[in-house]
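Subject: Structure handover

Hello,

Here is the structure I promised to pass on. Please have it open while you read the notes under it.

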Amino acid sequence: MNTYLTIDPWKLMEQGFHPEHQMVTESLFSLGNGRFGQRGCFEETYTGKTLQGNYLAGVYYPDKTRVGWWKNGYPEYFAKVLNAIDWSSLRISMEGEEVDLHQATCESFYRELDMKRGVLSRQCDLKLVNGDRISIASERYCHAEYPDLGILRYQIRIREGKGTLAVQSYLDLDVQNQDANWEEKFWEDGQTQMDGQTAVVSAYTRKTRFRAAAAMVNQLSLNGTILDLDPFRVQRDKYVELGYELDVEAGDEIILTKMVSMSSTLYYDETRLPAEMMTRVEEARLKGYSALLKAHEDHWARKWQEADIVIDGDLSAQQAIRFNIFQLYQTYTGDDDRLNIGPKGFTGEKYGGSTYWDTEAYCLPFYLATASPQVARQLLLYRHRQLPQAIANARKLGFSGGAALFPMVTMNGEECHNEWEITFEEIHRNGAIAYAIHDYVRYTGDRDYLWSHGLEVLIAISRFWAQRVHWSSPQQRYVMHGVTGPNEYENNVNNNWYTLYIARWCLTYTRDVIHELKSQDPKAWLQLADQLKFYEHTELRQWQEIVDFLYLPEDKELGIFLQQDGYLEKEQALADSIPADQRPLNEHWSWDRILRSCFIKQADVLQGFYFFEEDFDLDQLRRNYQYYEPRTVHESSLSPCVHAILACSLDEDEKAYEMMMRTARLDLDNINNDTKDGCHITSMAGTWMAVVKGFGGMRVRDDQVGFSPRLPEAWSGLNFRVRWRGRSLEIAFDRQEIRMTLLEGAPLPVRCYEEVYSLSDEIRVRFRSPNGPSPGAEH
Ligand code: BGC
């Protein structure tokens with residue numbers, strides 16, 4: 001448990017340097033603006049444990065797969081977002097001694113990540129090995145408004161000693177991924193150019209041939225006077241440096257302002273890229289530091305205006321929810337349908353920055369409610385763009401007729417994952433992609449998208465399901481063998497209930513959408529059917545037969561759905577019987593032991609209850625929850641949030657709070673002991689869901705949004721905003737009343753608990769504690 005960061009509503013603060021947590025702090029203090037991001041490393045050299053991580057969105061390398069036993073159908077490569085331009089690093093030396101917090105004595109230290117402003121800063125007093133004393137104050141950010149810009153202001157104050165201070169400011173593209181499969185470098189064909197105080201570096205990624213470039217301009221001042229120094233220039237392959245030397249003495253204050261523009265051929269023409277970066281950085285210089293900072297802060301202020309959540313009475317939860325929202329918006333801003341949300345965002349290399357089902361199942365609802373519908377639409381368009389590859393992927397595995405299997409892990413639509421039990425068997429991801437289409441359409445009402453893009457994806461996925469099941473003579477049912485459900489702690493099982501259920505739902509939803517389009521725009525349907533060679537009479541009939549005769553395992557005696565056919569045959573035990581020193585299981589038990597155990601990594605049957613709650617009554621939910629949750633070890637970051645939402649439905653507020661906090665503070669408290677690898681970005685959306693869908697009780701039903709607020713004991717109030725069909729709503733409540741305010745847009749009906757109110761300005765409803773009296777509108 002992490003106790004070294006101060007709890008504050010808007011900031012992460014490290015008081016006093018904790019080198020033993022440096023890797024964790026670097027992850028937590030990461031910065032990003034959707035286009036690029038970086039870990040919160042120090043600017044000057046640090047020879048202690050660190051991971052210099054700088055990542056450019058969408059720029060990846062296909063790292064050749066390394067696997068013991070090659071299986072047909074495996075992907076050739078694992079795509080990795082590359083460690084890219086190290087833009088904020090410096091080398092500082094005083095009288096020849098390089099400043100390095102690993103060597104120097106840290107006399108005082110303070111570091112903060114200000115989430116309100118999106119700024120990382122640090123102040124420290126150091127005693128160098130040579131006895132000189134200096135203070136450093138730095139401030140940096142990835143510009144939210146101008147997404148090509150990274151800005152650093154670095155101040156050095158000489159407290160004791162005199163002599164030559166050397167400041168070397170550089171851009172380094174000669175960098176490596178820590179997670180490279182073959183210890184290769186991924187950048188080649190570097191080029192550099194220098195001009196006055198400006199320098200530019202560029203290089204190409206091997207194989208994928210993305211070009212990335214960065215240009216910097218430096219400004220140095222001494223005691224408030226801008227210096228006109230001719231810098232030393234170092235130019236070598238993929239590296240440029242502007243170095244300055246000046247004579248200093250105690251009391252002197254030197255400020256380096258470094259502005260960097262960086263981007264890739266995703267956004268600029270290949271040949272013009274370096275020149276464009278020079279232009280962008282020159283424009284930044286002309287705007288000036290203060291104006292840039294203000295534009296950045298204003299951008300974050302607007303974002304917070306829409307997406308903030310205020311929790312009264314619980315600072316730790318308050319800090320955590322803001323941290324989660326902050327990291328999500330640092331990772332993905334939704335202005336480009338080629339980008340997606342890697343499970344670690346820009347905070348580390350694990351998971352390669354690739355796309356998982358996490359996006360559809362967890363992140364989409366967050367962006368739907370806190371940003372323009374365009375943002376969530378981009379996430380859906382991303383998959384639509386990749387439909388041809390998903391069809392090719394399915395074909396490779398033996399499916400035909402336009403069936404699509406979207407990859408478990410991908411960058412460009414091709415499968416990257418190479419553990420057979422996940423690559424080939426964890427097919428439920430297809431279901432989450434279909435579900436996201438439904439979720440988006442239900443939320444936005446955007447039928448245009450559904451007809452023009454969504455239905456095509458739905459049909460391809462349904463075709464996959466129709467071929468993936470087979471008829472079992474003994475059962476006289478359609479069954480699905482050789483599957484891995486969301487619970488990756490058992491593989492190759494038969495009849496995973498969740499996968500079957502979502503497959504069946506997908507077939508009926510696609511059928512319904514087809515009927516809807518057919519009745520509303522028969523011509524458009526004919527055109528699409530023709531394009532997809534969709535033979536309604538055979539395919540729809542076959543789907544219907546599968547729907548009618550699909551096997552769904554359940555145990556009538558226990559009154560639960562079976563996670564898979566053999567689940568009850570496993571030796572049964574509860575998770576709290578596992579000794580603490582054996583958790584997490586994946587670090588302590590052999591894989592074989594884990595697979596044979598009944599312990600569940602993350603919501604599986606319960607994931608189905610979360611998605612399809614309207615299909616079940618509370619008794620069914622209670623029985624399944626009470627059976628499965630105690631067997632769940634929550635060793636995926638995606639697990640606790642789903643349980644938090646379900647626990648709210650069951651009036652188990654204490655459990656819901658525990659689960660919500662576990663997701664919310666997963667990284668802040670380093671609960672899974674893996675924050676050093678990066679933050680769990682995708683599950684951060686789960687935190688938002690646990691608060692808004694769990695305690696806020698937000699649901700969309702029959703074209704109506706509604707809320708069923710509740711408060712955990714630790715909270716005295718909750719306030720959040722959501723966008724809904726052209727409106728902006730604020731929901732604020734304490735233990736007395738709920739205030740629903742229409743901030744923007746036309747009046748609308750809104751449900752509160754079971755009542756529907758017409759909201760044109762503000763409505764107040766009495767708060768209802770679980771099992772308490774019914775509400776009544778007061779205004
Ligand atoms: C989970 C998956 C998830 C992946 C990336 C795994 O540990 O089991 O469900 O997609 O992490 O977040």
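The notes below cover the ligand site, the salt bridges and two points in the backbone.

This is a predicted model, in which local features need pLDDT of at least 70 and side-chain atom pairs count only at pLDDT 80 or more, while totals for chains, interfaces and linings use all residues. Residues are numbered from 1 along each chain as its sequence is written, and side-chain values use heavy atoms, with hydrogens and water left out.

Ligand site

The residues around the ligand (a heavy atom within 4 Å of it) are Pro343, Tyr351, Tyr356, Trp357, Asp358, Glu488, Lys601, Gln602, Ser636 and Leu638. By class, this shell holds 5 nonpolar, 2 polar and 3 charged residues. For that split, Ala, Val, Leu, Ile, Met, Phe, Trp, Tyr, Cys and Pro count as nonpolar, Asp, Glu, Lys and Arg as charged, and the others, Gly among them, as polar.

Polar contacts here are pairs of N or O atoms within 3.5 Å. An oxygen atom of the ligand lies 2.5 Å from a side-chain N or O atom of Asp358. For Trp357 the corresponding distance is 2.9 Å, and for Tyr351 it is 3.5 Å. On its own the ligand has 310 Å² of accessible area (Shrake-Rupley method, 1.4 Å probe), and the protein covers 92% of this.

Salt bridges

The count comes to 62 salt bridges, each a side-chain nitrogen of Lys or Arg within 4 Å of a carboxyl oxygen of Asp or Glu. One of them joins Glu139 and Arg117, with the closest N and O atoms 3.7 Å apart. Glu139 is in strand S11 (residues 133–142) and Arg117 in the loop between strands S9 (105–114) and S10 (119–127), 22 residues apart. Strands (E, at least two residues) and helices (H or I, at least four) are DSSP runs, numbered from the N terminus.

Backbone

The peptide bond from Arg583 to Pro584 is cis, with omega near -10 degrees. Pro584 belongs to the loop between strand S25 (560–561) and helix H14 (585–588). Asn223, a residue other than glycine, has a positive phi, near 50 degrees. Its place is the loop between strands S16 (211–222) and S17 (225–226).

Regards

Conventions: A polar contact is a pair of N or O atoms within 3.5 Å; within protein, one must be able to donate a hydrogen and the other to accept it, and residues adjacent in sequence count only if both atoms are side-chain atoms.
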